[in-house]
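Me: I'm new to this one and don't know where to look. Could you pick a single spot, go over it closely, and then walk me on from there to the other parts worth a look?

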Amino acid sequence: MAGFELSGLSASFGGTRVVGPLSLAIRPGEQVALVGKSGAGKSTLIRLVHEEVNRHTSLVPQELGLVNALPVFHNVFMGQLDRHSVWYNTVTLIKPFAEDKKAIRALLTELDMPEKLWTPAAALSGGQRQRVAIARAMYRKAELLLADEPVSALDGPMAHLVMRRLKQHFPTSLIALHDVELALAYCTRIVGIQDGQVALDESSDKLTASDIVSLY
Ligand SMILES: Nc1ncnc2c1ncn2[C@@H]1O[C@H](COP(=O)(O)OP(=O)(O)OP(=O)(O)O)[C@@H](O)[C@H]1O
């Protein structure tokens with residue numbers, strides 16, 4: 001299942017509702033950008049969707065969740081931990097299999113950092129760490145991508161490269177993006193969140209940046 005149709009999505013903290021109740025449906029093949037000002041509820045909504053459709057997703061959370069003491073290889077390999085036996089995962093920790101090394105090196109090459117394959121995550125820059133989390137999501141190979149500000153630590157050209165790769169790897173996606181130009185360039189649909197509600201839901205080709213700015 002690549003798309004989803006969810007209703008009654010809502011979240012509260014300390015008795016204050018911060019998202020919903022709202023409905024969100026994404027058809028297979030849609031790339032949806034979630035936009036809106038800081039605190040509008042985008043991360044919370046992505047978390048709610050992830051809880052509902054967990055098994056079918058590749059997730060890039062804002063808190064990247066890398067294991068600093070492990071090399072890049074193992075951090076990316078984690079994208080498929082639940083697809084292998086305990087025996088396979090344990091052996092991989094000590095002596096990775098050639099086919100996994102090849103596949104993960106290829107992903108890192110796509111993200112312009114193949115030379116970091118054996119570098120501990122602790123020794124990476126913020127932008128490199130973000131690309132490792134993206135490689136982990138790609139390695140997972142789910143049909144649906146859920147990503148929360150996946151290019152926030154990347155410079156312009158690298159942000160474009162990563163957005164292109166995400167589009168190539170995932171037929172369907174829901175991506176929180178604060179960069180409106182990237183949202184319009186790489187996503188087919190824009191969903192604007194304001195105070196935890198959907199305030200805009202339109203095809204990208206019918207919108208300009210100034211239509212979206214009113215949300216901020
Ligand atoms: N763990 C938490 N405890 C209390 N309040 C929270 C918690 N997580 C989020 N909130 C509140 O929920 C609201 C929505 O937060 P959320 O992180 O979803 O916003 P966002 O649109 O993703 O913001 P940003 O663009 O800054 O990441 C905010 O008012 C925030 O303060």
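Reply: Sure, let's start at Asn-68. Once you set aside the neighbours within four places in sequence, Asn-68 is in contact with Pro-120, Ala-121 and Ala-122. Keep in mind as we go that this is a predicted model. Where does Asn-68 sit in the chain? It's in the loop that runs between strand 4 (57–60) and helix 2 (72–77). Ala-123 makes a good pair with it to look up on screen: 55 residues separate Asn-68 from Ala-123 along the chain, yet their C-alpha atoms are 8.0 Å apart. So is Asn-68 buried or exposed? It counts as exposed, because it has just 11 C-beta neighbours inside 10 Å, and 12 or fewer puts a residue in that group.

Now step back along the chain from that loop to strand 4. Strand 4 runs parallel to strand 5, and 4 bridges join the two. One of the pairings to find is Val-60 with its bridge partner Ala-147 in strand 5. On to strand 6 (residues 172–176): strand 5 pairs with it too, again in the parallel sense, over 5 bridges. There, Leu-146 stands opposite Leu-174 of strand 6.

How enclosed is strand 5? Largely, because 5 of its 5 residues are buried. The cut-off for that word is 20 or more other C-beta atoms within 10 Å. Leu-144, Leu-146 and Asp-148 point one way from the strand, while Leu-145 and Ala-147 point the other, and all of them are buried.

Just past strand 5 (144–148) comes Glu-149, in the loop that leads to helix 6 (156–169). Its phi is positive, about 50 degrees, although Glu-149 isn't a glycine. With 19 other C-beta atoms within 10 Å, Glu-149 is partly exposed. Asp-195 is another non-glycine residue with a positive phi of about 50 degrees. You'll find Asp-195 in the loop between strand 7 (189–194) and strand 8 (197–203), and it's partly exposed as well, with 13 C-beta neighbours inside 10 Å.

Next, the inside. Nonpolar side chains tend to be buried together in soluble globular proteins. Here the largest nonpolar core has 55 residues, and Ala-33, Leu-34, Val-76, Ala-135 and Ile-175 have the most contacts inside it. Helix 5 (residues 126–140) gives the most to this core, 7 residues. Take Ala-33 as an example: leaving out its close neighbours in sequence (within four places), it's in contact with Ile-175, Leu-177, Ala-183, Cys-187 and Ile-190.

Then there's the ligand. Around it are Phe-13, Val-18, Gly-36, Ser-38, Gly-39, Ala-40, Gly-41, Lys-42, Ser-43 and Thr-44. By type, that shell splits into 6 polar residues, 3 nonpolar and 1 charged. Helix 1 (residues 42–53) gives the largest share of the shell, 3 residues.

One backbone detail to look up is in strand 2 (residues 16–26), where Pro-21 has its place. The peptide bond joining Gly-20 and Pro-21 is cis, with omega about 0 degrees.

Finally, the wide view. An unreviewed UniProt entry lists residues 4–215 as "domain: ABC transporter". Over that stretch the chain is 38% helix and 25% strand, and its end C-alpha atoms are 25 Å apart.

Terms used. Residues numbered from 1 in each chain as written. Predicted model: local features only at pLDDT ≥ 70, side-chain atom pairs only at ≥ 80, totals over all residues. Helix = DSSP H or I, 4+ residues; strand = E, 2+ residues; numbered from the N terminus. Contact = placed C-beta atoms within 7 Å. Near = placed C-beta within 6 Å. Nonpolar A, V, L, I, M, F, W, Y, C, P; charged D, E, K, R; others polar. Core = buried A, V, L, I, M, F, W, Y, C linked by C-beta atoms within 7 Å. UniProt positions renumbered as here; feature names shortened; annotations may be inferred. Pairing = 2+ DSSP bridges.
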